[in-house]
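Hi everyone, thanks for coming. Let me put the structure up, and then we'll walk through a few parts of it together.

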Amino acid sequence: MKPHIVVLGAGYSGMIAAKLAARRTDGHVTLVNARDTFVERVRMHELASGKTLPERPIAELIKGTGIEFVVDRVVHIDAERRVVALSGREVAYDVLIYALGSRADLDSVPGVGEHAYTVADVVSAGRLRDRLRSEGSIAVVGGGLTGLEAVTEIAESYPGRKVQLVTAGALGGALSQRGRRHLHKVFDRLGIVKVEQARVVAVDAGGLQLADGGRVDADVVVWTTGFEVSEIARKAGFAVDDNGRMLVDTTLRSVSHPEVTAIGDSAVVRPEGQDELRMACATGIPMAGHAVRALTDRLNGREPRGLKFRYFNQCISLGRRDGVIQFVRADDSPVEAVLTGRLAAKYKASIVSGAFYTMRNPLLADFS
């Protein structure tokens, strides 16, 4: 019998996995997603700042692939029966590819859920966009890549507004010296106030409370630090880590349920001889390619190889006309070489376009 392959989640990883599974196997593929449009999550800071992003209906993106598309929300997985319970129906599976991704962590610090905005998804970014159209000062919390992109995009889009970045560490701490120098230069040019070594312990209607007793006043708080995953995998009884991310082997197969594969932010992935991969589009896309290659090998009676992966760079847009491309070693640690300015902005734009192009043409991800 032809296997029924069910893919949960239609982000970059899920879309690529579904398309490759439909192409590489003789199984029937069902793709389940809560929305009927594909979201370029790496561009949510652009949406929040008022940019218009194109609508990308998933039905159009999978046209001609033979994939069955179901727009519904995953409620529960019955691992014993191999059934996914949706809000409106049940879907049985022989093989499950779990790609539900991550969302903003709104519970780790008091007041975040009530008073802060995020750029973690299209709905949240849209709410922030609408709020930013009104006057008021802005504080972005988090000095990671998402925070840097969000704060510079906002400051560029709303010149004259007071914009602050609040980070628990040093600004650009993960970059090389050259990268940090350029980042500080951009912040100064855009007039962004830097609040470094400041740990936020609470968010309220007037801004942020800091661990040292200080405050950062802001009319709008944008929270970009911390992500969490759905509890669905844990409640299903799959082996997960303390954060609820599925534990998989080097072929991306669940260590507890061999009929389940997990990819993207939902999985804890440690390639052979390497540390855990970080949550990123740059890691999720090759995961999808390798996972389907391993699945295809097993269906054809071959033993799959383990995932091998290396990092090349970190790409950070700093508004529409500037950026930092930090070149890194295989383990993601920075080297001194960087690309900055307009050329870096174009480089980052090409990476974003390339990710979408790979999703449209998934064979580009099938290089394992």
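Let's warm up with one residue: is T296 buried or exposed? Have a look before I say anything. Okay: T296 is buried, because its relative accessible area is 7%, and the cut-off for buried is under 20%. As for where to look, T296 sits in helix α9, which covers residues 281-299. If you skip the neighbours within four places in sequence, T296 is in contact with R24, T25 and R302. And please keep in mind that what we're looking at is a predicted model.

Now, the five-stranded sheet. What is the order of its strands? Reading across, you get β3-β2-β1-β7-β19, an open sheet with parallel pairing. The edges are β3 and β19, the latter being residues 260-262. Each of those two has a single partner strand, so one side of each has no neighbour in the sheet. From one strand to the next, the twist averages 20°.

Let's go through some of those pairs. Strand β1, residues 4-8, runs parallel to β2, with five bridges between them. If you want a spot to point at, H4 has H28 in β2 as its bridge partner. How does the chain get from β1 to β2? It goes through helix α1, residues 12-24, and this β-α-β crossover is right-handed. Helix α1 lies across β1, β2 and β7, and it runs at about 165° to β2. An angle over 145 degrees counts as roughly antiparallel, so α1 and β2 are roughly antiparallel by that cut-off.

Stay with β2 for a second. This strand takes in residues 28-33, and five of its six residues are buried, so you can call it mostly covered. Strand β2 also pairs with β3, residues 68-71, in the parallel sense over four bridges. There, V32 stands opposite V70 in β3. Then go back to β1, which pairs with β7, residues 95-98, again in the parallel sense and over four bridges. In that pair, L8 has Y98 of β7 as its bridge partner.

A handy thing to remember while you trace these: in a regular strand the side chains alternate between the two faces of the sheet.

Next up, two helices. For a packed pair, people give the angle between the axes and the distance between the axes. Take α6, residues 145-157, and α7, residues 177-190: they pack at an angle of about 30°, and their axes are 10 Å apart. Why do we call α6 and α7 roughly parallel? Angles under 35 degrees count as roughly parallel, and therefore α6 and α7 get that description. The way α6 passes α7 is a left-handed crossing. Who makes the contact? On the α6 side you'll find L148, V151, T152, A155 and E156, and on the α7 side L183, V186, F187 and L190.

One more residue in α7: Q177. At 48% relative accessibility, Q177 counts as partly exposed. Compare Q177 with L145: they are 32 residues apart in sequence, and their C-alpha atoms are 16 Å apart in space.

On to the other sheet. Here three strands form an open sheet in the order β21-β22-β23, and the pairing is antiparallel. At the edges stand β21, residues 313-317, and β23, residues 334-340; each has a single partner strand, so one side of each is left without a neighbour in the sheet. Ignoring direction, neighbouring strands are turned by 20° against each other on average. Strands β21 and β22, the second being residues 323-328, pair over five bridges, and C315 stands opposite I325 in β22. Helix α7 turns up again here: it packs on this sheet, touching β22 and β23, at about 40° to the direction of β23. Helix α10, residues 341-360, packs on the sheet too, touching β21, β22 and β23, and its direction makes about 75° with that of β22.

Last stop, backbone angles. Most residues other than glycine have a negative phi. Which sign does phi of R82 have? It is positive, near 60°. R82 is in the loop between β4 and β5, and at 34% relative accessibility R82 counts as partly exposed. D332 also has a positive phi, near 80°. D332 lies in the loop between β22 and β23, and with a relative accessible area of 16%, D332 is buried.

That's my tour, thanks for listening!

How values were computed: Residues numbered from 1 in each chain as written. Predicted model: local features only at pLDDT ≥ 70, side-chain atom pairs only at ≥ 80, totals over all residues. Heavy atoms only, no water. Buried < 20%, exposed > 50% of the residue type's maximum accessible area, 1.4 Å probe, protein only. Pairing = 2+ DSSP bridges. Right-handed = clockwise from strand over helix to strand, strands pointing away. Axes fitted to C-alpha atoms, helices over the stretch in contact; angles between N-to-C directions. Parallel < 35°, antiparallel > 145°, perpendicular 65-115°, else oblique. Left-handed = near helix turned anticlockwise from the far one by under 90°. Contact = heavy atoms within 4.5 Å.
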